[in-house]
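Okay, thanks for making time, everyone. I'd like to walk you through one chain today, so let me put it up on the screen.

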Amino acid sequence: MKTIKFLPLLLLFIVTSCDTVKVYSDYDKSADFTQYKTYAFMKSGIDKVEISDLDKRRILNAIDKQLQAKGMTKSETPDLLINIFTKSREQVSVNQFNAGYGYGWGWGWNPYMYGGQTYVSSSTEGTLYIDLIDAKKKELIWQGEGTGTLTKDMDRKDEIVNNIVTQILAQYPPVLSKK
């Protein structure tokens, strides 16, 4: 009977341990993405992001790695300016489980029912936006957004940031549909 009591806890652990990232992107359909070969970070915008300098460095290093893997190079006279910003919100999950004995549905007291269990968990959901701005025109040409669960676990922060940035930048450059 004890295994039945721990089943919801196990399921809750399995569901919350999955690192799912939701990713979206939007872009200027008139932009010619083949012309962008170099980039630089937009310091004035990045300085305004309200996260720790260590987390900023994690994000910027992950962006560097992904863009260099796409054949782009960092430059003092870039084609693209890169800006980031973040949002976060607390997620609270309440799960109730009752493994008592009894019969049927209805009103009233059942002497065969014993206490249910309520599990409350919370997590922080974070959203990272990566903006790519045409350096000459000073216009946003592409924006990627990734949302996932954050952690304070120092051993996993790099992994989580790399995962989110990789999935966001997998959508750059956009695949243009031909009509």
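Before anything else, a word I'll lean on: when I say two residues touch, or are in contact, I mean they have heavy atoms within 4.5 Å. And please keep in mind that this is a predicted model.

With that in hand, let's start at Asp134, which sits in strand β5. What does Asp134 touch, leaving out residues up to four places away in sequence? The list is Gln35, Tyr36, Asp79, Leu80, Glu139 and Ile141. Now the odd bit: Asp134 is buried, yet it has no salt bridge. The nearest side chain of opposite charge belongs to Lys137, and that is 4.8 Å away. For a salt bridge we need a nitrogen and a carboxyl oxygen within 4 Å, so this pair doesn't make the cut. Asp134 does have a backbone partner, though: a polar atom of its side chain lies 2.9 Å from the backbone nitrogen of Lys136.

Just along from there is Lys138, in the loop between β5 and β6. Its phi is near 60°, a positive value in a residue that isn't glycine. Most residues other than glycine have a negative phi, and most peptide bonds are trans. Buried or exposed, then, for Lys138? Exposed, with a relative accessible area of 59%.

While we're on backbone oddities, here are two others. Gly71 follows α3 and has a positive phi, near 90°. And in the segment after α4 we find Pro173, joined to Tyr172 by a cis peptide bond with omega of about -10°.

Okay, let me zoom out for a moment. The chain has 4 helices and 6 strands, and along the sequence they go α-β-β-α-α-β-β-β-β-α. Of its 179 residues, 34% are buried. If you take contacts between residues at least 6 apart in sequence, 76% of them join residues at least 24 apart. For a single pair that is far apart in sequence, look at Ser121 in β5: Ser121 and Val92 are 29 residues apart in sequence, but their C-alpha atoms are 5.8 Å apart in space. Ser121 itself is partly exposed, at 21% relative accessible area.

Now the helix I like best, α4, residues 154-169. Its 16 residues should span 22 Å at 1.5 Å a residue, and the end C-alpha atoms are 24 Å apart, which agrees. At the N-terminal end there's a cap: a side-chain oxygen of Asp153 lies 3.0 Å from the backbone nitrogen of Asp155.

Which residues of α4 are buried? They are Lys157, Ile160, Val161, Ile164, Val165, Ile168 and Leu169. Those residues cover an arc of only 150° around the axis, which puts them on the same side of α4. If the spacing in that list looks familiar, here's the reason: an α-helix has 3.6 residues a turn, so residues three or four places apart point the same way. As for what covers the buried residues of α4, that includes β1, α3, β5 and β6.

So what about α3? It has 17 residues and reaches 24 Å from first C-alpha to last, close to the 24 Å expected. Its buried residues include some charged names, among them Asp55, Lys56, Arg58 and Asp64.

That brings me to salt bridges. How many are there in the whole structure? The search finds 9. The one I'd point you to joins the side chains of Asp158 and Arg58, at 2.9 Å from N to O. Asp158 lies in α4 and Arg58 in α3, so the pair ties together parts that are 100 residues apart in sequence. Arg58 counts as buried at 15% relative accessibility, whereas Asp158 is partly exposed at 42%. And this pair has company: Asp55, Arg58, Lys157 and Asp158 are linked in a network of salt bridges.

Another one stays inside α4, between Glu159 and Arg156. Those two are 3 residues apart, about one turn of the helix, and their closest N and O atoms are 3.7 Å apart. Both are partly exposed, Glu159 at 46% and Arg156 at 27%.

Last one from me: Lys43 and Asp47 also meet in a salt bridge, 2.9 Å from N to O. Lys43 is exposed at 56%, and Asp47 is partly exposed at 45%. Okay, over to you.

Note on methods
Residues numbered from 1 in each chain as written. Predicted model: local features only at pLDDT ≥ 70, side-chain atom pairs only at ≥ 80, totals over all residues. Heavy atoms only, no water. Expected span 1.5 Å × (residues − 1). Buried < 20%, exposed > 50% of the residue type's maximum accessible area, 1.4 Å probe, protein only. Arc of directions from axis to C-beta. Polar contact = N/O pair within 3.5 Å; in protein donor to acceptor, adjacent residues only side chain to side chain. Lys, Arg positive; Asp, Glu negative; His and termini not counted.
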